[in-house]
Amino acid sequence: MIVHQNSYFSVNLNDDYYTISFSTEQVVVLPVVDNNYILFIEAIRPVFEKPVIELPAGTVDEGETLEEAALRELGEETGINIADKNRLKPLCSLNTIPSRTSQMLNIYQADITIDEYETRNDHDHEVAKTLLLTIDQVIQKIQSGEIFVATTVAVCLNHIISNSQ
């Protein structure tokens, strides 16, 4: 039985157990700039007093492929517009709440040049600003709790570990 539904997700009750179903697939983008930096957004989230450091992410619109959605979200949230889907590298999918949903997040890496970063367009109104960090700065912000979103932490640490071997 659906106990709540909106355009993004529904909450279901089955035998006294609540689950969540997202209405569409979800994508997350890891923007790597010149192999030396990761580009983050500071997202405006109504439940937090200050903007939250995250990776660009969002829902797949009707008729879009996962790759098209990833590139659209990257453009909307960072101002960097890439047309070539071949510049996306699929990464391992993640599940953020396995006790409540079986749906997986589709993760992509986008390799970006510093020129693309420096000539980016404006981002959308859901983003306070973008943040370009070195790997050492990413690790420091994870350790200090400044980067605390589980998906962002997992994707970044997977990237850092994969590139240190």
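Which strand holds the place of F22? Select F22 and see: the residue sits in strand 3. Keep in mind throughout that this is a predicted model.

**Stop 1: F22**

Show F22 with its surface. F22 is partly exposed, because its relative accessible area is 27%, and partly exposed covers values between 20% and 50%. Now show its contacts. Leaving aside residues up to four places away in sequence, F22 touches Y8, F9, T101 and Q103. Pick T101 from that group. F22 and T101 are 79 residues apart in sequence, yet their C-alpha atoms are 8.5 Å apart in space.

**Stop 2: the largest pocket**

Stay with strand 3 (17-22), which supplies at least two residues of the lining of the largest pocket. Add strand 4 (26-33), strand 5 (37-43), strand 6 (52-54) and strand 7 (57-59), then helix 1 (66-78) and helix 4 (150-164); each of these also supplies at least two lining residues. The pocket holds about 1,200 Å³ of space. To find its centre, select Q26, R45, E54, A57 and G58, the lining residues that lie nearest to it. In total, 37 residues line this pocket. Colour them by class: 20 are nonpolar, nine polar and eight charged.

**Stop 3: the second largest pocket**

Next, select E42, F48, K50, P51, V52, I53, L131, K141, E146 and F148. These residues line the second largest pocket, with about 180 Å³ of space. How many polar residues are in the lining of the second largest pocket? There are none; the lining has six nonpolar and four charged residues.

**Stop 4: the largest nonpolar core**

Hide the surface and go inside. The largest nonpolar core has 18 residues. Select L30, I38, F40, L55, V138, I147 and C156, which touch the most other members. Strand 4, strand 5, strand 9 (105-112), strand 10 (127-134), helix 3 (135-144) and helix 4 each give this core at least two residues. Which helix gives the most to this core? Helix 4 does, with four residues.

Now centre on L55. Again leaving aside residues up to four places away in sequence, L55 touches V28, V29, L30, P31, I38, L39, F40, I41, E77, T152, V155 and C156.

**Stop 5: a separate core**

Finish with L39, A70, L71 and L88. They are among the 16 residues of another core, which lies apart from the largest one. Go back to L55 for a last look: L39 is one of the residues that L55 touches.

Terms used: Residues are numbered from 1 along each chain as its sequence is written. This is a predicted model: local features need pLDDT of at least 70, side-chain atom pairs count only at pLDDT 80 or more; totals for chains, interfaces and linings use all residues. Side-chain values use heavy atoms; hydrogens and water are left out. On a 1 Å grid over the protein atoms alone, a cavity is a set of points where a 1.4 Å probe fits but cannot get out, and a pocket is an open set with protein on both sides within 12 Å along at least five of seven lines; lining residues have an atom within 4 Å of a point. Grid points are joined across faces, edges and corners, and a volume is the space filled by probe spheres set on the points. Ala, Val, Leu, Ile, Met, Phe, Trp, Tyr, Cys and Pro count as nonpolar, Asp, Glu, Lys and Arg as charged, and the others, Gly among them, as polar. A nonpolar core is a set of buried Ala, Val, Leu, Ile, Met, Phe, Trp, Tyr and Cys residues joined through side-chain atoms within 4.5 Å. Buried means under 20% relative accessible area, exposed over 50%, partly exposed in between (1.4 Å probe, protein chains only). Contact means heavy atoms within 4.5 Å.
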